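The following report concerns how parts of one protein chain are arranged and how two of them meet. Please keep the sequence and the model in view while reading.

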Amino acid sequence: MCGIIARIGHGDAAETLLSGLENLEYRGYDSAGIAVQNGSGVKVHKCSGEVDDLKSSLESQPHGNMGIGHTRWSTHGPPTDANAHPHTDTAGDVAVVHNGVIDNYDELRTELQAKGHEFESDTDTEVIPHLIDEYRTETGDSEEAVRRAVETLEGSYAIAAIVDGEEAVYAARKGSPLVLGLDDEEWFLASDVPAFLDHTDEVIYLEDGDIVVLDPDSYRITDLEGTPIDRSTDTVDWDPEDAGKGEYDHYMLKEINNQPTSLSNTIEGRIDDGDVALEELPAGTFEDVETVQFVACGTSYHAAMYGANLLRSAGISTEVVRASEYTSMSGPVDEGTLVVAVTQSGETADTLEAVREATARGARSLAVTNVVGSTAAREADDAIYIRAGPEVGVAATKTFSSQAVTLALLTQRLAADVPTATPAEDRETMLEELKELPEHVERVLETTDAASLARDTVDSKSYFFIGNGLGHSVALEGALKFKEITYEHAEGFAAGELKHGPLALVTDETPVFAVATGSGDGKTKTNAIEAQTRGAPIVAVSPDDHPLTDVAEVHLSVPDTHPVWAGLLANVQLQLVSYHAADVLERPIDKPRNLAKSVTVE
Ligand code: M6R
């Protein structure tokens, strides 16, 4: 969590830092700050609240051609002005922004205080500028001081620092993402590409142990010993417009509406002659695989459930484990195990940790991610990209759809490769229907009644979501989305489980959203009727001629398609219900309280 940015070049840096921070706010929005350098000292401006609050607090745009910036998701200390980054040393000569967690900050702080350093915040980060200052005094060299400081730190960090009187930005990473952006006349460092995508699409994904020094005309990457490193440059194929809100009030609505395009990108070139064609994972890739273990969190976990359901239908032994539970909950792992990390950001700490544990136990790993160059993509043996484009709203929407489709394609590859598997008989029809999915989503977006339904139901006591099989994962995802952005109580259940406990909560104030895909929905209908008998209003999220529509008070229509894709269309309807309910309740839809998009702490 937390987003950091740095910029050096000719001309003022402040505006670029502030707009970059706005594009990083999905990583945290408790407090924000910038520091700029202009030859007359390092000037720090910071406050609790969002980047907008920081902007309003600035009487005039600070001048200086280099600077650093931060948007925070608090770990150590509440979101106060004092705890906002950048942090400085006692004299205010060294300013640092940091994403990560410093495990040994307590002992370092005590040692530094004993040497006379004065601290002003509760954060773990504040030890870093003091350490740099301490080593600068010893060595007289800021680059060496940064190197020594990061060697002293235990934990995870991506840091950027500026030093009074020096035309340089210093940076380092270990365990937290950091990307270098290369433009003709300026350099950037950021936690993620959207921070500077308006300026350049040429990037270098930095690795753990890299130390970077930028000056206005050049950049240098070295390792911890100071040996120069040559890292390759990548061109990001995201459009700068993808990183903005465009005509929409919220990123979430933009991203829901972007799904016809994002899904087309996910599918493009991956279906050939009635079969899947995955460039990254050619035929035969998985011949040695015996079992598959999915690890994921939150929405990605629901997408993994979707994929696991399809894999089981293909006769492949499959387990889905919540990444945070991996140590205690995963089954046996050996060389025949493929551990599949499903993670939009590729940076979720719980997921990365689960993959590391599985690979240490002998598994082979595959990352299914949206972010090229992410830690998951770099650490896994193989990676396949979901190609959803940047997703900024904290609530995952288009990435769920693209994850599920990518996993469905992956299922076909595994079913063809794994000797004991049985590829689906209707594979060709299914893949043909997949080509129609973007158009079907378009139809849902054009015809949905989600807004009026949300207005009518928004004063309910609780919201239940039920479904079977693929519909179960969609029900869980529908409930997660609803609670995340409306702050209302919502729960998802396997339809048949309702009567084993949750039914006690059902009243006429608990609408039940029943998700049907057109296959194996019998229990969804009978359990919906049982809830209805207890007074619950039923919303069928199903194909038009589905038996559920005979019993439901309200129907959210899912275009007629293969059952494998129907669940994803039902999910788009549920995304819209959540969005409109949150809008009626005037919630901060893109920045729900206490959450951050990329959860890089365990
Ligand atoms: O980046 P990841 O896909 O690994 O993130 C996992 C979860 O933190 C994420 O899906 C979270 O549940 C979403 N904010 C839900 O909308």
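Taken over C-alpha atoms, the centres of domain 1 and domain 2 lie 33 Å apart, with domain bounds that come from an automatic or database domain assignment. This is a predicted model, in which local features need pLDDT of at least 70 and side-chain atom pairs count only at pLDDT 80 or more, whereas totals for chains, interfaces and linings use all residues. Residues are numbered from 1 along each chain as its sequence is written, and side-chain values use heavy atoms, with hydrogens and water left out.

The division of the protein is as follows.

| Domain | Residues |
|---|---|
| domain 1 | 3–240 |
| domain 2 | 244–442 |
| domain 3 | 448–601 |

Between domain 1 and domain 2, about 1000 Å² is buried, 56% of it on carbon and sulfur atoms; buried area here is the accessible area (1.4 Å probe) that two parts lose on being put together, summed over both. On the side of domain 1, Tyr-26, Tyr-205 and Trp-238 lose the most area to domain 2, together accounting for 47% of what that side buries.

Across this interface the rule finds one salt bridge, defined as a side-chain nitrogen of Lys or Arg within 4 Å of a carboxyl oxygen of Asp or Glu. Arg-378 forms a salt bridge with Glu-207, their closest N and O atoms being 3.2 Å apart.

For "active site", an unreviewed UniProt entry lists Cys-2 and Lys-597, and such annotations may be inferred rather than shown by experiment. These positions span 596 residues in sequence, yet no two of their C-alpha atoms are more than 9.7 Å apart, so they gather at one spot.
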